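Please study the structure shown below before attempting the exercises. Each task is followed by a worked solution.

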Amino acid sequence: MAPVTIAIDGPAGAGKSTVAKRVAERLNLMYVDTGAMYRAVAYLCAQEGIDVHSERDVEAVLDAHRVSFEEGEDRTLQVLIDGVNVTSKLRAPEVSALVSTVAAHPRVRQLLTEWQRAFAERHSVVMDGRDIGTVVLPHATVKVFLTAAPEERARRRMEEYKRMGYDVALEDMVQTVLERDRKDSERLVAPLRMAEDAVRIDSTDKSVESVVDEIVQLVENAHVR
Ligand code: CDP
């Protein structure tokens, strides 16, 4: 049987990773956080002091290091740089500040998109990101575009930062989140947008479990057809 592929796209802080991970657990699928892959490149650039605006320099640092992706014990993606697992470091604000610039470089996208497609050919997956339903997996079994009001997305991101030990004001967070959405939507290659055949889910006033239920239902319906 062909692998089941569930694509979840949407703006920053819409709850994609929490929801995608839960959907994967419920359906016993692998969860691939493609944002973590772009974050890995940004993290490496920060470590090596690379100017993220120079695509050539970003490519050169990728050539000089070994970035690899593996399936972890909990069926989530683990990111290794030169053999060291850096997954837990990728959501820091310093990485978030660089990632959209890195992700706008076509060569970086090509490299990661190829890996993502090859992986989904071999595994049933829930993949979340910005361009999964539009570019990476245009024939995904189910496509969801998950959104929430900007204030709510900023509030969620602020809570996540608090748990990591960072203190950020809500107004600053709203600006940061909107700025990243702007960069992701305006880039020329694979911009953030909803696929025509995606189902839009607004999670502003919904619990994680109710959004997960909705997506699981969509997958079940797709299988009945
Ligand atoms: O979790 P959050 O919404 O903050 O972002 P993420 O999913 O970790 O993605 C971080 C960044 O990576 C995004 O803002 C995009 O710039 C980039 N990204 C992308 O361009 N394409 C993807 N498929 C996934 C992420």
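The exercises that follow concern a predicted model, its largest pocket and its ligand.

**Exercise 1.** Determine how much space lies in the largest pocket and which residues are closest to its centre.

*Solution.* Step one is the volume: the largest pocket holds about 1,100 Å³ of space. Step two is the lining, which comprises 46 residues. Closest to the centre of the pocket are Ser17, Asp33, Arg91, Arg157 and Glu160.

**Exercise 2.** Describe the lining of the largest pocket by class and identify the helix that gives the most to this lining.

*Solution.* Sorting by class yields 18 charged, 14 polar and 14 nonpolar residues. The helix that gives the most is H7, spanning residues 150-164, with 6 residues in the lining.

**Exercise 3.** Locate the ligand and characterise the shell around it.

*Solution.* First, the ligand sits in the largest pocket. Second, 20 residues surround the ligand, and Arg39, Arg109, Arg157, Arg180 and Asp184 are the closest. Third, the shell divides into 10 charged, 5 polar and 5 nonpolar residues. Finally, at least two shell residues come from each of helix H2 (34-48), helix H4 (93-103) and helix H8 (170-186); H2 gives the most, with 4 residues.

**Exercise 4.** List polar side-chain contacts to oxygen atoms of the ligand for Asp184, Arg180 and Arg130, and state how much of the ligand the protein covers.

*Solution.* For Asp184, a polar side-chain atom lies 2.6 Å from a ligand oxygen. For Arg180, the distance between a side-chain N or O atom and an oxygen of the ligand is 2.7 Å. For Arg130, the corresponding distance is 3.2 Å. On its own, the ligand has 530 Å² of accessible area, of which the protein covers 98%.

Methods: Residues numbered from 1 in each chain as written. Predicted model: local features only at pLDDT ≥ 70, side-chain atom pairs only at ≥ 80, totals over all residues. Heavy atoms only, no water. 1 Å grid on protein atoms, 1.4 Å probe; cavity = no way out; pocket = protein on both sides within 12 Å on 5 of 7 lines; lining within 4 Å. Points joined across faces, edges and corners; volume = space filled by probe spheres on them. Nonpolar A, V, L, I, M, F, W, Y, C, P; charged D, E, K, R; others polar. Near = heavy atom within 4 Å. Polar contact = N/O pair within 3.5 Å; in protein donor to acceptor, adjacent residues only side chain to side chain. Areas by Shrake-Rupley, 256 points an atom, 1.4 Å probe, with all protein chains shown as cover. Sits in = over half its atoms within 2 Å of the grid points.
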